[in-house]
Amino acid sequence: PFQRATLHARANGYVEQVLVDRGSAVQQGQLLVSLTAPELTAETAEAESRAEMADAARAEAEARLAGTEATFERLKKAAQTPGAIAGNELIQAEKAVEAARASVRSAESAVRAAKASLQATKQSEAYLKVTAPFAGLITERYVHPGALVGPGNGSSGALLDLEQISRLRVVVPIPETEV
């Protein structure tokens with residue numbers, strides 16, 4: 001064959017379906033094997049929950065910031081009247097606004113981290129679908145539904161063998177004296 005590949009799972013999981021068998025002709029990108037991983041589904045749900053919690057914390061921090069800014073502005077306006085507001089109260093309100101802004105920045109960082117974690121778990125879920133890297137013919141099937149599979153090298157973790165036979169590669173040994 002012009003190309004040959006032994007296909008492996010990229011994530012640990014149970015074989016749910018094997019959609020091809022020996023002799024099956026497949027197209028590039030075609031789904032060959034689907035896996036299930038209950039713990040990965042749970043991780044994704046947990047990551048979604050963390051992202052929602054981080055979003056809520058950010059919204060809460062923004063609301064606190066708006067409140068402290070409004071209080072600071074009212075105190076600043078009142079401080080224009082001599083003797084109405086103590087200078088220390090104005091400084092405390094200003095520092096509260098700075099702290100609230102820092103809290104918002106921290107919450108925004110937490111949101112970005114939670115969304116990145118969610119994206120990573122969703123990417124891992126995509127690994128549960130094994131597709132053909134090129135068009136060809138399935139020459140060997142190593143697994144059946146229900147089998148536990150995972151990433152690995154060698155034939156021990158292999159799912160399928162795929163060969164591209166639309167083009168062939170010929171290797172002919174020629175003695176040096178004939179060249």
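**Strand E8 and its surroundings**

Strand E1, which covers residues 3-8, runs antiparallel to E8 and is joined to it by six bridges. The model is a predicted one, and this briefing takes E8 as its starting point before turning to a nonpolar surface patch and to the aromatic rings. Strand E8 itself spans residues 158-164, and it is mostly covered, with seven of its seven residues buried.

**Pairing of E8**
- Within the pairing partners of E8, His8 is the residue that stands opposite Ala158.
- Strand E6, made of residues 136-141, also pairs with E8 in the antiparallel sense, and this pairing extends over four bridges.
- Leu162 in E8 has Ile138 as its bridge partner.

**Surface after E8**
- Val179 is placed in the segment that follows strand E8, and its relative accessibility is 80%.
- Because exposed means over 50% relative accessible area, Val179 with its 80% counts as exposed, whereas the seven residues of E8 are buried.
- Val179 belongs, together with Val170, Val172 and Ile174, to a nonpolar patch on the surface, and the accessible area of these residues together is about 460 Å².

**Aromatic rings**
- How many aromatic pairs does the structure hold? The count is zero.
- The ring of Phe2 nevertheless has a charged group over it, since the charged end of Arg167 sits there at 3.9 Å from the ring centre.

Terms used. Residues numbered from 1 in each chain as written. Predicted model: local features only at pLDDT ≥ 70, side-chain atom pairs only at ≥ 80, totals over all residues. Heavy atoms only, no water. Phe/Tyr/Trp six-rings, centres within 6.5 Å; stacked < 30°, edge-to-face > 60°. Lys NZ or Arg CZ within 6 Å of the ring centre and 35° of its normal. Patch = residues over 30% accessible without salt bridge, like charges linked within 9 Å, V, L, I, M, F, W, Y side chains within 5 Å. Areas by Shrake-Rupley, 256 points an atom, 1.4 Å probe, with all protein chains shown as cover. Salt bridge = Lys/Arg side-chain N within 4 Å of Asp/Glu carboxyl O. Helix = DSSP H or I, 4+ residues; strand = E, 2+ residues; numbered from the N terminus. Buried < 20%, exposed > 50% of the residue type's maximum accessible area, 1.4 Å probe, protein only. Pairing = 2+ DSSP bridges.
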